[in-house]
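I opened this model to examine one side chain and its surroundings, and then the chain as a whole. My entries follow in the order of the look-ups.

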Amino acid sequence: QVQLVESGGGLVQPGGSLRLSCAASGSIFSNDLMGWYRQAPGKQRELVATFTSGGWTNYADSVKGRFTISKDNTKNTVYLQMNSLKPEDTAVYYCNLRNSYSVSRMYWGQGTQVTVSS
């Protein structure tokens, strides 16, 4: 059993920045991978940024150069630094934990709202 708790969302003006955090607790496996997804109104949930096998990262084209995913293994916490925010970044952001081997091992956080508006 794994629990994921996101924090750091809020209201920000276009061009501003936010830093999201996701703290994981429970039974974490060595081949678990974490990342961030988002879901905007009327849209499907989409990948934003994630760690991949071997410690590489993957970003959606729409956020490359603006968002940075990082982690603190001592705290089992993953971060998403979001800079140069745009109105189209408005969404509920979800922390995700998956397993590189087992497709059935998948966990989601409750989500944190990010609103980019002037």
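I looked first at the side chain of R66 and found one of its polar atoms 3.0 Å from the backbone oxygen of S84. A further backbone oxygen, that of S62, lies 2.8 Å from a polar atom of the R66 side chain. I use polar contact for a pair of N or O atoms within 3.5 Å; within protein, one must be able to donate a hydrogen and the other to accept it, and residues adjacent in sequence count only if both atoms are side-chain atoms.

I note that the model is predicted: local features need pLDDT of at least 70, side-chain atom pairs count only at pLDDT 80 or more, and totals for chains, interfaces and linings use all residues. Residues are numbered from 1 along each chain as its sequence is written, and side-chain values use heavy atoms, with hydrogens and water left out.

I then placed R66 in the loop between β6 (57-59) and β7. Helices (H or I, at least four residues) and strands (E, at least two) are DSSP runs numbered from the N terminus. Is R66 buried or exposed? I recorded R66 as buried, at a relative accessible area of 11%; buried means under 20%, exposed over 50% and partly exposed in between, with a 1.4 Å probe and protein chains only.

Which residues does R66 touch, leaving aside its neighbours within four places in sequence? I listed Q81, M82, N83, S84, L85, K86 and D89, where contact means heavy atoms within 4.5 Å.

I turned to S84 itself, which sits in the loop between β8 and β9 (91-99). S84 is not a glycine, yet has a positive phi of about 50°. Its relative accessibility of 40% makes S84 partly exposed.

I found a positive phi of about 50° at N76 as well, again not a glycine. N76 belongs to the loop between β7 (67-72) and β8 (77-82), and is partly exposed with a relative accessible area of 36%.

Last, I surveyed the whole chain and counted 11 strands and zero helices. The radius of gyration is 14 Å, close to the 13 Å of the globule rule for 118 residues, so the chain is as compact as a globular protein of that length. That radius is taken over C-alpha atoms, and the rule is 2.2 Å times the number of residues to the power 0.38. I also noted that 42% of the 118 residues count as buried.
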